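Here are a few exercises to help you find your way around a new structure. Keep the 3D view open and try each task before you read its solution.

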Amino acid sequence: NVSFYNETNGQAIYPTPAIGVVGLLEDVDQHITQAFQVEGDVIVLLGETKPELGGSEYLSLVHQRETGNPPTLDLAVEAKLQQFLLAEVKAGNVRSAHDCSEGGLAVALAESAISGGLGCQVQLNSSLREDMLLFSESQSRVVVTVAAAAAEAFAAAAKKAGVPVQVLGQVGGQKFELKINEQPSINLDLAAAEKAWREAIPCLMES
């Protein structure tokens, strides 16, 4: 479904292609959500973060710019990631999973923490610029949590499957804490983050 000519209050809107996908979950007991589940679980990033800010939420909201090329999608890489993730979910090795599309890695972590009512402590090590590392919307990335005792085996399985994997930190507490190369970058009370998240639409409507 693609809308090219819609207008609101006399102003043109962006083209809005939308794809609806329906899948069959054979065993409902195997479903997982984005919410962090258990204190002490290990947070793992599947996939690679690239310097891709074009068309991102960050560029639009923070810099008021809608420009640049959107992230590229390699279908072979995506298929490899999905096949590995589905196999691990079916095996009962994954506690939660959340993609890193709209907003990037930092937003995915925050949403998982808010949804589960559990904070996290994350350490990122990268040569990427801070805003790119946090808010790039590179494709084929998923934040997952696994039991601490299973983290080493999970990472080894991902590498064997050819899926980039990085241990980010652990679930716990009531804060969203994130460091980049040992330097503090984010330190938010989970309650404050949840308030901002839940009140985003009323705030936009008022403005």
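Which residues does Ser140 touch, not counting residues up to four places away in sequence? Bear in mind as you look that this is a predicted model.

**Exercise 1. Describe the surroundings of Ser140.**

Solution.
- Step 1: Find the spot. Ser140 sits in the loop that runs between helix 4 (130–135) and strand 6 (142–146).
- Step 2: List the neighbours. Leaving out residues up to four places away in sequence, Ser140 touches Leu46, Gly47, Glu48, Leu73, Asp74, Val77, Glu78 and Leu81.
- Step 3: Pick out a polar contact. The side chains of Ser140 and Glu78 make one, at 2.6 Å.
- Step 4: Decide whether it's buried or exposed. The relative accessible area of Ser140 is 11%, and buried means under 20%, so Ser140 counts as buried.

**Exercise 2. Work out how the sheet is put together.**

Solution.
- Step 1: Get the order. An open sheet is formed by 7 strands, in the order 4-6-3-7-5-8-9, and the pairing is mixed.
- Step 2: Look at the ends. Strand 4 (96–99) and strand 9 are the edge strands, each pairing on one side only.
- Step 3: Check the twist. On average, neighbouring strands of this sheet are turned by 20 degrees against each other, direction ignored.

**Exercise 3. Follow strand 6 and its partners.**

Solution.
- Step 1: Start with strand 3 (residues 42–46). This strand and strand 6 pair in the antiparallel sense over 5 bridges. Within that pairing, Ile43 has Thr145 in strand 6 as its bridge partner.
- Step 2: Turn to strand 4. Strand 4 and strand 6 run antiparallel and are joined by 4 bridges. Here, His98 has Val143 in strand 6 as its bridge partner.
- Step 3: Ask how covered strand 6 is. It's mostly covered, with 5 of its 5 residues buried. Val142, Val144 and Val146 are on one side, Val143 and Thr145 are on the other, and both faces are covered.
- Step 4: Find a helix that lies across it. Helix 5 (residues 151–160) lies across strand 3, strand 6 and strand 7 (165–171), and runs at about 5 degrees to strand 3.

**Exercise 4. Locate the nonpolar cores.**

Solution.
- Step 1: Recall the general trend. In soluble globular proteins, nonpolar side chains tend to be buried together.
- Step 2: Find the largest core. It has 26 residues, and those with the most contacts inside it are Ile43, Leu109, Leu124 and Leu178.
- Step 3: See what builds it. Elements that each supply at least two residues of this core include strand 3, helix 3 (105–116), strand 5 (120–124) and helix 6 (190–198). Helix 3 gives the most, with 7 residues.
- Step 4: Look for another one. Apart from the largest core lies a core of 18 residues, among them Val44, Ala97, Val146 and Phe154.

**Exercise 5. Examine the positive phi values of Gln64 and Glu182.**

Solution.
- Step 1: Take Gln64. Its phi is near 50 degrees, a positive value in a residue other than glycine. Gln64 is in the loop between helix 1 (57–63) and helix 2 (75–90).
- Step 2: Take Glu182. It isn't a glycine, yet its phi is positive, at about 75 degrees. Glu182 is in the loop between strand 8 (175–180) and strand 9 (183–189).
- Step 3: Apply the cut-off. Exposed means over 50%. Gln64 has a relative accessible area of 58%, so it's exposed, and Glu182, at 53%, counts as exposed too.

Methods
Residues are numbered from 1 along each chain as its sequence is written. This is a predicted model: local features need pLDDT of at least 70, side-chain atom pairs count only at pLDDT 80 or more; totals for chains, interfaces and linings use all residues. Side-chain values use heavy atoms; hydrogens and water are left out. Buried means under 20% relative accessible area, exposed over 50%, partly exposed in between (1.4 Å probe, protein chains only). A polar contact is a pair of N or O atoms within 3.5 Å; within protein, one must be able to donate a hydrogen and the other to accept it, and residues adjacent in sequence count only if both atoms are side-chain atoms. Contact means heavy atoms within 4.5 Å. Two strands pair if DSSP finds at least two bridges between them. Axes are lines fitted to C-alpha atoms, for helices over the stretch in contact, and angles run from 0 to 180 degrees between N-to-C directions. A nonpolar core is a set of buried Ala, Val, Leu, Ile, Met, Phe, Trp, Tyr and Cys residues joined through side-chain atoms within 4.5 Å.
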